[in-house]
Amino acid sequence: MISRIRIDGVPMPVLQVGNDTVLRAALREGVGFPYECNSGGCGSCRFELLGGEVHSLWPEAPGLSD
């Protein structure tokens, strides 16, 4: 499955493929996205969802929430 993610300030949508995370998809496309742990533990990569759905790969991640 391929999803298009629009990020404020980024002119083109970021393509997310399969079970790729939003963070990995953004970094692959060259978008400067903050992160420290790359797993959801620290919460540095948190964002605000304006539309659509998110399927969490780690629902109990201490740094992320609904």
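Asp-20 is buried in this predicted model, because its relative accessibility is just 14% and the cut-off for buried is under 20%. Its side chain isn't left on its own, though: Asp-20 meets the side chain of Arg-28 in a salt bridge, with 2.4 Å from N to O. Side chains of opposite charge can pair when their charged atoms come close. Arg-28 itself sits at 47% relative accessibility, so Arg-28 counts as partly exposed. The pair therefore joins a buried residue, Asp-20, to a partly exposed one, Arg-28. A search through the whole structure turns up one salt bridge.

The backbone of Asp-20 has a partner too. A polar atom in the side chain of Gln-16 lies 2.5 Å from the backbone oxygen of Asp-20. Gln-16 is buried as well, with a relative accessible area of 16%. Setting aside neighbours within four places in sequence, Gln-16 is in contact with a string of residues, including Met-1, Ile-2, Ser-3 and Ile-5, along with Thr-21, Val-22, Ala-25 and Arg-28. So what about the strand that holds Gln-16? Gln-16 belongs to β2, which covers residues 14-17.

In a regular strand the side chains alternate between the two faces of the sheet. In β2, Val-14 and Gln-16 make up the covered face, while Leu-15 and Val-17 make up the uncovered one. Strand β2 also has company: β1 (residues 2-5) runs antiparallel to β2, and four bridges join the two. One of the residues involved is Arg-4, whose bridge partner in β2 is Leu-15, a residue on the uncovered face.

Definitions and conventions. Residues numbered from 1 in each chain as written. Predicted model: local features only at pLDDT ≥ 70, side-chain atom pairs only at ≥ 80, totals over all residues. Heavy atoms only, no water. Salt bridge = Lys/Arg side-chain N within 4 Å of Asp/Glu carboxyl O. Buried < 20%, exposed > 50% of the residue type's maximum accessible area, 1.4 Å probe, protein only. Polar contact = N/O pair within 3.5 Å; in protein donor to acceptor, adjacent residues only side chain to side chain. Contact = heavy atoms within 4.5 Å. Pairing = 2+ DSSP bridges.
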